[in-house]
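Welcome! Here is a short briefing to read alongside the structure. Take a look at the picture below, and then we will go through it topic by topic.

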Amino acid sequence: MLGSRTDLHIFDAGSVNGTRYCNEILLPYVRLFRGAMGLQFLFMDDNAPCHRTVAAEHLLESEDIEHMDWPARSPDLNPIEHV
C-alpha cells in the first residue's frame with residue numbers, strides 16, 4: 001500500500017469478534033489508508049464472520065469506506081488452487 005507494507009498484525013489471545021476486528025484492524029489500519037488514498041480507496045476482505053458483523057458494517061459505512069462484494073468461499077482465495 002502506497003509503496004510499502006504494514007507490519008503483520010497478530011492477535012494476542014482469544015478469538016476475533018467484530019469488536020476486536022473494528023478496534024484492532026479497521027480503525028488503526030483501514031481508516032488510515034482510506035484517508036491517505038482518498039476516494040479511490042476500495043477495501044476488500046474475505047468474508048470471515050468477524051468481517052460481516054453489524055459493528056464492522058456500521059463502521060465501514062460511517063467512515064464512508066467502500067468495500068468490494070466478495071462471495072464467501074470464493075475459489076479465487078483458495079491457496080491450493082495455485083499449487
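How many helices and how many strands are there in the chain? The chain has two helices and zero strands. Please keep in mind that this is a predicted model. Of the 83 residues of the chain, 24% count as buried. Among contacts between residues at least 6 apart in sequence, 57% join residues at least 24 apart.

**Helix α1: its course and its ends**

- Helix α1 covers residues 18-37, and helix α2 covers residues 54-62.
- With 20 residues, α1 would reach 28 Å if it were a straight helix at 1.5 Å a residue, but its end C-alpha atoms are only 24 Å apart.
- Where does the kink in α1 lie? A kink of about 50° is found at L26, shortly before the proline P28.
- At the N-terminal end of α1, N17 acts as a cap, with a side-chain oxygen 3.1 Å from the backbone nitrogen of T19.
- After α1 comes G38, which has a positive phi, near 80°.

**The buried residues of α1**

- The buried residues of α1 are G18, R20, Y21, C22, I25, L26, V30, F33 and R34.
- The cover over these buried residues includes α2.
- Two arginines are on that list, R20 and R34, and each has its own set of contacts to look at.
- R20 has a relative accessible area of 17%, so it counts as buried.
- Leaving aside its neighbours within four places in sequence, R20 is in contact with F11, D12, A13, G14, S15 and I25.
- R34 is also part of helix α1, and its relative accessible area of 15% makes it buried.
- Beyond its neighbours within four places in sequence, R34 is in contact with L39, F41, E63, D64 and I65.

**Salt bridges**

- Side chains of opposite charge can pair when their charged atoms come close.
- How many salt bridges are there? The count comes to five, and three of the pairs are described here: R20 with E24, E63 with R31, and D45 with R52.
- R20 pairs with E24, and their closest N and O atoms are 3.0 Å apart.
- Both R20 and E24 belong to helix α1, where they sit four residues apart, about one turn of the helix.
- In this pair, R20 is buried at 17%, whereas E24 is partly exposed at 24% relative accessibility.
- E63 and R31 meet through their side chains in a salt bridge, at 3.4 Å from N to O.
- Because E63 lies in the segment after α2 and R31 in helix α1, this pair ties together parts that are 32 residues apart in sequence.
- Both partners are partly exposed: E63 has a relative accessibility of 27%, and R31 has a relative accessible area of 39%.
- D45 and R52 form a salt bridge between their side chains, at 2.6 Å from N to O.
- Here D45 is buried, with a relative accessible area of 7%, while R52 is partly exposed at 29%.
- Salt bridges that share partners join D45, R52 and E57 into one network.

**Cysteines**

- How many disulfides does a search of the whole structure find? The search finds zero.
- C22 is in no disulfide, and the nearest cysteine sulfur is that of C50, 8.9 Å away.
- Why is there no bond between C50 and C22? The sulfur of C50 is 8.9 Å from the sulfur of C22, its closest cysteine sulfur, and that is too far for a bond.
- The cut-off behind this reasoning is that a disulfide needs two cysteine sulfur atoms within 2.5 Å.
- Are these two cysteines buried or exposed? C22 is buried at 7% relative accessibility, and C50 is buried with a relative accessible area of 11%.

Conventions: Residues numbered from 1 in each chain as written. Predicted model: local features only at pLDDT ≥ 70, side-chain atom pairs only at ≥ 80, totals over all residues. Heavy atoms only, no water. Buried < 20%, exposed > 50% of the residue type's maximum accessible area, 1.4 Å probe, protein only. Salt bridge = Lys/Arg side-chain N within 4 Å of Asp/Glu carboxyl O. Expected span 1.5 Å × (residues − 1). Bend = angle between axes of the 7 residues up to and from the residue. Contact = heavy atoms within 4.5 Å. Polar contact = N/O pair within 3.5 Å; in protein donor to acceptor, adjacent residues only side chain to side chain.
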